[in-house]
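Here are some short exercises to work through with the model open beside you. Try each task before reading its solution.

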Amino acid sequence: MSKTFVQIHPSDTIIAALVDLPKGTVINHNGAEITLVENIKQKHKFTTTDLAIGDQIYMYGVLIAKAIQPILKGAAITTENIKHASADFNESQEKFSWKAPDTSKFEERTFNGYHRADGSVGTGNYWLVIPLTFCENRNIDVLEGALADKLGYQTKKDFAVDTDALIQKYKQGGSAEDILNTPIIATKEEITKNRLFPNVDGIKFLKHDGGCGGTREDSQVLCNLLAGYIVNSNVAGATIFSLGCQNAQIEMLQNAIKKLDPNFSKPVHYLEQQKSASERQLIEEAVKHTFLGLIEANKIERKPAPINKIILGLECGGSDGFSGISANPALGYASDLLVGLGGTPVLSEFPELNGVEQDLINRCETKEDATKFSTLMRAYSASAIAVGSGFENNPSPGNIKDGLITDAMKSAGAAKKGGTSPVVEVLDYAERITKPGLNLLCTPGNDVECSTGLAGSGCNLIVFTTGLGTPTGNPIAPVIKMSSNTKLYEKMKDIIDINAGTVITGEDTIESMGEKLLEFIIKTASGEIITKAELKGQNDFIPWKRGVSL
């Protein structure tokens, strides 16, 4: 450990403890001494000066709180002595200039991906099975039972049991000894190696609780989202189940697909149960057409593609007091590298951009996008307040326990994922990503609703930073989990892919960790690394209904 504390920005009035600091510790900071007047836990913050009631508190160079009690110099900030505060913003843009970091290490690099007719390149090759309404979820289950195990796509267990081998041995007149000596256990790796369709990375079954009831807007947004999944470069084709009478009609989905891609040419098979002679006939037709689709999807092989074909979702969840110091800024540096290489990072989670709006507005390349971002943020905030749950209620108990006391503090650290590059476009939920460079996408902060939205807008890979640990994943976009601290990485190696805790301990800089992350991204995009979330079958899928979700 090279340092025991860190001040993120010169104007900050609080300092973060990198280790537990006992009462009486003398901190030498900027030529002055600060004597801690109480124990400061690792990841928590202490003051650099005496604060009176109403005094503003800054971290990351932005307003994150106000004092509600007198706070002594060298004391901890807590939920008892401060409250959330954030700076207001307007659409007037300050002058902004940006220089990309040195990308020379990566300029000749490629990844092996699946090339699509529209020019996009996937990091995976999946077939989707989708219901247009929750009424069809059971049929989705039936199809999964008929296809997943038999074709080698079982991911819910660490191994599979081949009872068919015992049945065959019995039918052949095998003895008890023959049966006992017959191997019937196959690991995930063995199952994958023996897949009938080796170039198809998976069949994904996207069950949900929408499509009917609710509002007409909910069904339209759902169709827009599902269209985004089908158009996503990681998808080869889809089987669609419709009941027939629901709000989310087949034509609505087809129109949404056409709007995203007028020249759409992927195979999609539509089935409507109320037009079918029987459920058995429906399932039989679905199985056969899906099988034929998989035959076509298997003809596509990975081929080299430039790094600029990577559309990278930026997400955090289960954040801690180190997230904005190690993992998020390291991801931000990787984002800047990707922009410098012509790629497309996508910053989401609008409730977690509270307090840094002006910086992002200043970075917007066009006045129209600055206005759009401002409008979306104010509308989101207003809808949260209307139901008695403003952005200030965003930090979870886990966030607070591990040092993220206010939403503005959490947001300022979360925004570091977006690096420092210009914002080329602002998108509402389920709008398609089309411009290379940093995009802003309106999603909730909720982990799964966010990752669901990122993939629905076109992300073909996601990096998810975490300080507390979370197992979530996505059906079609590989989700790389990066820990903010080494303790988490050592404790939860079964769900964490890469550790940014080395930034805290001084073994890495933000820049070196960002470069390591980009290397990991390239290998994952090529299929050389399978993420822990995918190995565990974390196919989490929750469409946002545009109600209040923080």
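The exercises below concern a predicted model, and each one comes with a worked solution.

**Exercise 1. A three-stranded sheet**

Task: Work out the strand order of the open sheet of 3 strands, and find which strands lie at its edges.

Solution:
- Start with the order, which is E10-E9-E17, with antiparallel pairing.
- Next, look for strands that pair on one side only: these are E10 (121-122) and E17 (303-306), the edge strands.
- Now take the contact between E9 (residues 110-115) and E17, where 4 bridges join the two strands in the antiparallel sense.
- Finish with a single pair: Phe-111 has Ala-305 of E17 as its bridge partner.
- As background, strands of a sheet are held in pairs by backbone hydrogen bonds, in a parallel or antiparallel manner.

**Exercise 2. A closer look at Ala-305**

Task: Decide whether Ala-305 is buried or exposed, and find how far it lies from Gly-113 in sequence and in space.

Solution:
- Locate the residue first: Ala-305 belongs to strand E17.
- Its relative accessible area is 1%, and the cut-off for buried is under 20%, so Ala-305 is buried.
- Then compare the two distances: Ala-305 and Gly-113 are separated by 192 residues in sequence, while their C-alpha atoms are 6.3 Å apart.

**Exercise 3. A hairpin**

Task: Describe how E3 and E4 pair, and find which residue in their hairpin takes a positive phi.

Solution:
- Strands E3 (residues 26-29) and E4 (residues 32-35) run antiparallel and share 4 bridges.
- One of the bridge pairs matches His-29 with Ala-32 in E4.
- Between the strands of this hairpin there are 2 residues, and Asn-30 has a positive phi near 50°.

**Exercise 4. Salt bridges that tie parts together**

Task: Find how many salt bridges the whole structure has, then examine the pairs made by Asp-141, Asp-164 and Glu-431.

Solution:
- A search of the whole structure gives 19 salt bridges.
- Begin with Asp-141 and Lys-207, whose closest N and O atoms are 2.7 Å apart. Asp-141 sits in helix H1 (residues 137-147) and Lys-207 in the loop between E14 (202-205) and H5 (216-231), so this salt bridge ties together parts 66 residues apart in sequence. Asp-141 is partly exposed at 36% relative accessibility, and Lys-207 is partly exposed at 36%.
- Move on to Asp-164 and Lys-150, with 2.8 Å between the closest N and O atoms. Asp-164 is in helix H2 (residues 163-171) and Lys-150 is in the loop between H1 and E12 (159-161), so the parts tied together are 14 residues apart in sequence. Asp-164 is partly exposed at 39%, whereas Lys-150 is exposed at 61%.
- End with Glu-431 and Lys-372, where the closest N and O atoms are 2.8 Å apart. Glu-431 lies in the loop between E20 (423-427) and E21 (438-441), and Lys-372 in helix H10 (residues 367-386), so the pair links parts 59 residues apart in sequence. Glu-431 is partly exposed at 31%, as is Lys-372 at 28%.

**Exercise 5. A charged patch**

Task: Name the residues that gather in a patch of positive charge on the surface, and check whether Lys-401 is buried or exposed.

Solution:
- The patch brings together Lys-41, Lys-401, Lys-487 and Lys-491.
- Pick out Lys-401, which is in helix H11 (residues 397-401).
- Its relative accessibility is 66%, so Lys-401 counts as exposed.

Terms used: Residues are numbered from 1 along each chain as its sequence is written. This is a predicted model: local features need pLDDT of at least 70, side-chain atom pairs count only at pLDDT 80 or more; totals for chains, interfaces and linings use all residues. Side-chain values use heavy atoms; hydrogens and water are left out. Patches are made of residues with over 30% relative accessible area and no salt bridge: like charges are joined within 9 Å, nonpolar side chains (Val, Leu, Ile, Met, Phe, Trp, Tyr) within 5 Å. Accessible areas come from the Shrake-Rupley method with a 1.4 Å probe; for residues, only the protein chains shown count as cover. A salt bridge is a side-chain nitrogen of Lys or Arg within 4 Å of a carboxyl oxygen of Asp or Glu. Lys and Arg count as positive and Asp and Glu as negative; His and the chain ends are not counted. The place of a charge is taken as NZ of Lys, CZ of Arg, CG of Asp or CD of Glu. Buried means under 20% relative accessible area, exposed over 50%, partly exposed in between (1.4 Å probe, protein chains only). Two strands pair if DSSP finds at least two bridges between them.
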